[in-house]
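Student: Could you pick one part of this model and take me through it closely? I'd like the surroundings as well, but keep it chatty.

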Amino acid sequence: MNRLTQRNHFPFRNFSLEIILFMKRTLRFLFLSILLCLSFSCGTKQEQPKTAMQDSTQQQNSTQVSRKDDLVKWLDSLETQYEQACFAMGIANWNSYSKEGAADLDGAKKKFANIFLNEDSRKIIQEWKSKITPNVDPTLSRRMEMWNRCFIGGAIYADSEIAALENKLQKAITDFQFTLDGKPITRAQVQTQLKTEKNAKRRQQLWLTTSQLSEKVKADLIALVKLRNEKAKQFGFPNYYSLSLYLNAIDEVWLLKTLNELTDQTDEMFQKFVKMTKKSTAVKKVGPWDYDFALRDAVSLSDKYFPKDSVFQTIHKLENAIGFPTDSLPIKEVVKDIPYGGLSLALNIPKDSRFLVNPATGKGFYQVAFHEYGHSLQAVLTKDSIPILKGYEWIPGAQCGAFAEGMADVHGEFTDNELWLETYTNATDNELQNYMAGRWLPTLYRLRSLLKNFFIEYEMYKNPDENIYSPGRIDSIEHAMFKKYLLVDLDSVSVAKKLETIPSTFAASIWYTSYPCYYQNYILAAMIATQTHEALNNKFGEEIISNPNISAWLIKSFYEQGELIEWSEKIREATGKGLETGAYLRKLGAIK
Ligand SMILES: [Zn+2]
């Protein structure tokens, strides 16, 4: 009682107790119901993001964009939706490989479909793109350019038929169980054993485990190629590869000229390597399964110089030395068996980037880990500005894959730098000299393998008419590309008597499914990384692994502006010339 009265600032002093109690109960009841409906409304607010999306979609649909200010407001809300979808796709992918949670790939893709299958939004972009020119508003004009590309790429990416087949294939490839002699074997084990197996027949068996998967999924892959081509033609492109290069701002004619130049400039060197392989393996005819073994013998530094457990520590040591504050960067690093050498995912640019590295061994393992860290650095050091200019990787057109791989390779390239090897490994001078003299070989083999993979895919998409999709034809394309770029004739190289023709292996590559039209990016990336390292050498000389100003130069030249500037312009600005083959061919020793 006393308590009541203490609070007795009540205005109702002269009413009877019951009435007071009744009024109190009524008031309490009223109060509770107000509370209840308030909490209910918060609940709804909680759900508001979804309704906000619906609202924004309805708003998108209903918004009349009649002035530039309306356009900016409309784009801002569209980009909020876009970034939510990017985050959902990032986390779904992360979970599908890290197994840390639910991997709702389909749900994430639906979020993108909400945006990119919206015809009203596409019309607004198309209508306003020509009106907003760079001299009117350079940033808005660039946003329009990126949205225009993304509405083309997004329409194919979010296409339900294509998406369903992609997800089905990605799952089939990721979860496929390879066997050898009836026992399970992993991709990493096959790769490691191909390097050490002295028996050629056994190496062929190891190499052919890949065809178990390729033969199983190739019909679906070909169906996917057909669907993508049909969509590309709807947008006025001759085929999906040409469309994809347009979305990455890569000139198709320039690309073919560049790749043919790299082929011509390295043909002689590769013939020399084939001879070396024949000699070191004592086989009559060199098969694709002999190269990893030959490379192991010729030029490798011992795996003991690259201790698995201290890979991340070693990365941080170098990156700190060149000025990156690794301890405060939101980058997560994990070692895990995945269908890639490594995988980096920018979940929320610039606040959250994560990567996984396949538990391989030796220098190759370090190079991949440094590469993936390079991806993460670009993500967390991109300015936190306009979502469509942040360079998320999900929608074709939102970034240039070649440039992203180039930025990652700039860091992978340090593991091939003589000064770095001297400082960060215990290899003897003699071993280092031997390695530097022979390092061209693994680089050359990687280039020729990438050229083979690129041209198989490029030919798969080319001149899309009915009969190009016959499995037999794609098999023959694969054989032709092995012959041209790896100088092995699959029709006559089998060392296993009973195996007449070598079955397909191409469809086992998850790239053709999940990262279509991507292989040229690794070749261009190597050109970007070597051209950038030549610029770094000119700028920082001997301090290339120790000058803390290097990070500032990389951030300013390449990272912070995101997609505001076209990738090819960034390279021209930073290295003083457009991207060309010189630095890469010099590293290979093909030219002086
Ligand atoms: Zn990469």
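Tutor: Let's go for the metal site, and one term has to come before anything else: a donor here is an N, O or S atom within 2.8 Å of the metal, and since water is not among the atoms, a site may look incomplete. Keep in mind, too, that this is a predicted model.

With that in hand, the zinc ion has three names to remember on the protein side: His371 and His375, each through NE2, and Glu405 through OE. These donors lie 2.0 to 2.1 Å from the zinc ion. Read along the chain, the donors follow the spacing H-x3-H-x29-E. Two of them come from distant parts of the chain: His371 is in helix H14, residues 362-380, while Glu405 is in helix H15, residues 401-412, and the two are 34 residues apart.

Are these two buried or exposed? His371 has a relative accessible area of 9%, so it goes down as buried. Glu405 is buried as well, at 5% relative accessibility.

Now step back along the sequence to strand E5, residues 352-357. Here 6 of the 6 residues are buried, so the strand is largely enclosed by the rest of the structure. Its side chains point two ways: Asp352, Arg354 and Leu356 go to one side, Ser353, Phe355 and Val357 to the other, and all of them are buried.

E5 has a partner in E3, residues 331-335, running parallel to it with 5 bridges between them; one pairing there is Ile331 with Ser353. E5 also pairs with E4, residues 342-348, this time antiparallel and through 6 bridges. Leu345 is matched with Arg354 in that pairing, and E4 and E5 make a hairpin with 3 residues between them.

For the wider setting, the chain holds 24 helices and 5 strands, and 55% of its 592 residues are buried. Of the contacts between residues at least 6 apart in sequence, 76% join residues at least 24 apart. About 27,200 Å² of the chain is exposed, with carbon and sulfur atoms supplying 55% of that.

One last thing you might ask at the bench is how many disulfides there are. A search of the whole structure finds 0. Take Cys86: the closest cysteine sulfur is in Cys150, 8.6 Å away, so the two are too far apart for a bond. Cys86 is buried, at 0% relative accessibility, and Cys517 is buried too, at 2%.

Definitions and conventions:
Residues are numbered from 1 along each chain as its sequence is written. This is a predicted model: local features need pLDDT of at least 70, side-chain atom pairs count only at pLDDT 80 or more; totals for chains, interfaces and linings use all residues. Side-chain values use heavy atoms; hydrogens and water are left out. Helices (H or I, at least four residues) and strands (E, at least two) are DSSP runs, numbered from the N terminus. Buried means under 20% relative accessible area, exposed over 50%, partly exposed in between (1.4 Å probe, protein chains only). Contact means heavy atoms within 4.5 Å. Accessible areas come from the Shrake-Rupley method with a 1.4 Å probe; for residues, only the protein chains shown count as cover. Donors are N, O and S atoms within 2.8 Å of the metal (3.2 Å for Na, K and Ca); water is not among the atoms, so sites may look incomplete. A disulfide is a pair of cysteine sulfur atoms within 2.5 Å. Two strands pair if DSSP finds at least two bridges between them.
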